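Visitor: I would like a close look at one part of this protein. Please take me through the salt bridges, and then the nonpolar cores beside them in your account.

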Amino acid sequence: MGHKTALYDLHKAAGGKLVDFGGWDMPINYGSQIEEHHQVRRAAGLFDVSHMTVVDVTGADARAYLRKLLANDVARLDDKPGKALYSGMLNTSGGVIDDLIVYNLDGWYRVVVNCATRDKDLKWMNEHASEFDVSVTERPELAMIAVQGPEAIDKVQAAASNAQAEAISNLKVFCGVECEGWFIARTGYTGEDGLEIMLSGDAACQLWQTLVKAGVAPCGLGARDTLRLEAGMNLYGHEMDETTSPLVANMGWTIALEDDQRDFIGRAPLEDIKANGGPDTKLVGLVMRERGVLRAGQAVSVVGNDASGMITSGSFSPTLGFSIALARVPGTIGDTAEVNLRNKTVNVEVVKPSFVRHGEALV
Amino acid sequence: MSDIRKELKYLPSHEWARVEEDGTVTVGISDHAQDSLGDVVYVETPEVGSNVAAGEEAGVVESVKAASDIYSPVTGEVIAVNEALEDSPEQVNESPYDDGWFFKVKPTDLSELDDALDADGYQNAIEAED
């Protein structure tokens with residue numbers, strides 16, 4: 001038996017198929033994950049993401065601490081209350097302990113990390129907190145609901161109080177705001193517009209039921225995975241881990257080197273890689289238009305190159321109707337590659353790792 | 001609770017076999033199998049006219065989640081395949097025992113099915129898995 005979110009009983013009652021995910025009993029789907037996926041691309045879908053770990057960082061040194069702890073620079077959030085930043089939290093050898101989102105809440109910060117990495121994340125954060133005047137406080141009492149899709153914001157506004165609806169109207173992309181017990185962020189993991197809302201378990205159950213009544217489809221982790229893959233978004237443990245540099249996981253833009261006085265953890269090994277001509281592999285997208293499904297772990301070979309690569313995430317793309325993947329490959333790769341697929345070798349197209357955004361195909 | 005039809009025979013690898021009135025055998029995957037696989041996106045059936053052997057690989061079913069080999073419950077010649085699955089693989093999820101069938105075999109020895117599981121035996125096999 002795993003941990004249960006506040007919404008567990010609602011998932012069961014709705015026929016959710018519950019599976020273990022990072023120690024939590026979470027719905028993988030409520031019937032058809034492809035239908036759930038389409039609902040998010042075409043209208044709006046509702047996800048329970050209460051398993052994510054919310055950590056508040058407060059105290060006089062909160063900013064200085066996060067500037068040390070994170071590869072991206074929270075100074076980029078200065079004078080922008082509510083603004084969020086995506087970052088890697090690196091180890092001393094420049095590998096990724098976790099990827100996370102940090103919100104500037106005007107004097108303190110809220111960090112959202114992955115659930116499967118919770119224990120090591122908190123341990124790491126606490127270890128480094130001892131050098132600073134900060135408090136690192138987990139907020140396990142908070143549930144989190146993601147509402148995603150072209151109709152998501154309208155649906156949430158209709159279910160919210162007047163003040164909350166107004167706050168959402170003023171909310172810019174990648175920003176969060178606290179309002180009447182909800183922490184509302186215009187973020188997500190699907191490539192669609194939408195919100196992620198942190199709130200008490202009781203309030204979460206109420207909002208969930210209101211949204212379902214308003215026609216927003218409950219969606220499981222299965223659809224969440226195909227949506228994020230189509231959007232070309234990384235999944236910790238697939239596109240990066242402690243042995244992977246963010247430089248080979250399309251996270252170069254999150255490495256803030258502009259302040260050369262800022263000695264964040266993992267900086268030196270990243271600068272070494274850059275000084276030595278950059279990494280020799282990179283993360284790309286793969287597209288296979290013939291029948292079959294690309295899967296994580298399959299080898300990717302490049303004609304005329306001895307080095308091979310590997311698929312880090314692969315699936316069928318419900319929006320596109322064929323298979324797509326993210327793969328780490330030799331940096332010299334061209335426009336095509338070969339993948340060894342169950343007893344046969346197939347040609348695949350190599351593309352930028354972004355396949356669908358706002359309902360539109362990019363490949 | 002998954003649907004297990006009394007009149008069918010099953011393999012522990014979750015294929016079902018139905019002996020038709022004309023003595024041919026229709027093959028598909030069980031309700032439990034389609035539920036475990038999740039949304040089916042491709043089905044690779046054997047070719048009409050090819051031979052399949054009892055217990056050997058005869059095709060592949062790919063879902064969003066995983067690929068899974070399909071084993072034939074009987075030896076014989078493939079006399080029909082469900083071409084509708086090419087455009088509508090979701091029939092495997094929606095109707096695993098009827099519209100979602102995979103292929104039909106003209107068996108060389110129907111007694112091969114004596115070794116397959118009946119509905120109760122298959123129910124036990126599923127419960128032992130969980």
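Guide: Start with E242(A). This residue is partly exposed, at 36% relative accessibility. (Buried means under 20% relative accessible area, exposed over 50%, and partly exposed in between, with a 1.4 Å probe and protein chains only.) The model is predicted: local features need pLDDT of at least 70, side-chain atom pairs count only at pLDDT 80 or more, and totals for chains, interfaces and linings use all residues. Side-chain values use heavy atoms, without hydrogens or water, residues are numbered from 1 along each chain as its sequence is written, and chains are lettered from A and ligands numbered from 1 in the order in which they are written.

E242(A) has a partner. Its side chain meets that of K120(A) in a salt bridge, 2.7 Å from N to O. (A salt bridge is a side-chain nitrogen of Lys or Arg within 4 Å of a carboxyl oxygen of Asp or Glu.) This pair links distant parts of the chain, 122 residues apart. K120(A) sits in helix α4, residues 118-129. E242(A) lies in the loop between α8 (221-230) and α9 (267-275). (Helices, H or I of at least four residues, and strands, E of at least two, are DSSP runs numbered from the N terminus.) K120(A) is partly exposed too, at 29%.

The loop between α8 and α9 also holds E239(A), whose salt bridge partner is R228(A) in helix α8. Their closest N and O atoms are 3.1 Å apart. Here both residues are buried.

Now look at another pair. R139(A) and E141(A) form a salt bridge of 2.5 Å, N to O. R139(A) is partly exposed at 24%, and E141(A) is partly exposed at 45%. Both belong to a network of salt bridges with D56(A) and R110(A). Over all chains, the count is 27 salt bridges.

Next, the nonpolar cores. (A nonpolar core is a set of buried Ala, Val, Leu, Ile, Met, Phe, Trp, Tyr and Cys residues joined through side-chain atoms within 4.5 Å.) The largest has 31 residues. F47(A), Y103(A), M144(A), M198(A) and M240(A) touch the most other members. β5, β6, β9, β11 and α8 each supply at least two residues of this core. A second, separate core has 28 residues, including L10(A) and I197(A).

Finish at M198(A). Beyond its neighbours within four places in sequence, its contacts (heavy atoms within 4.5 Å) include Y103(A), M144(A) and W182(A). R110(A) is among them as well, and R110(A) is part of the salt-bridge network.
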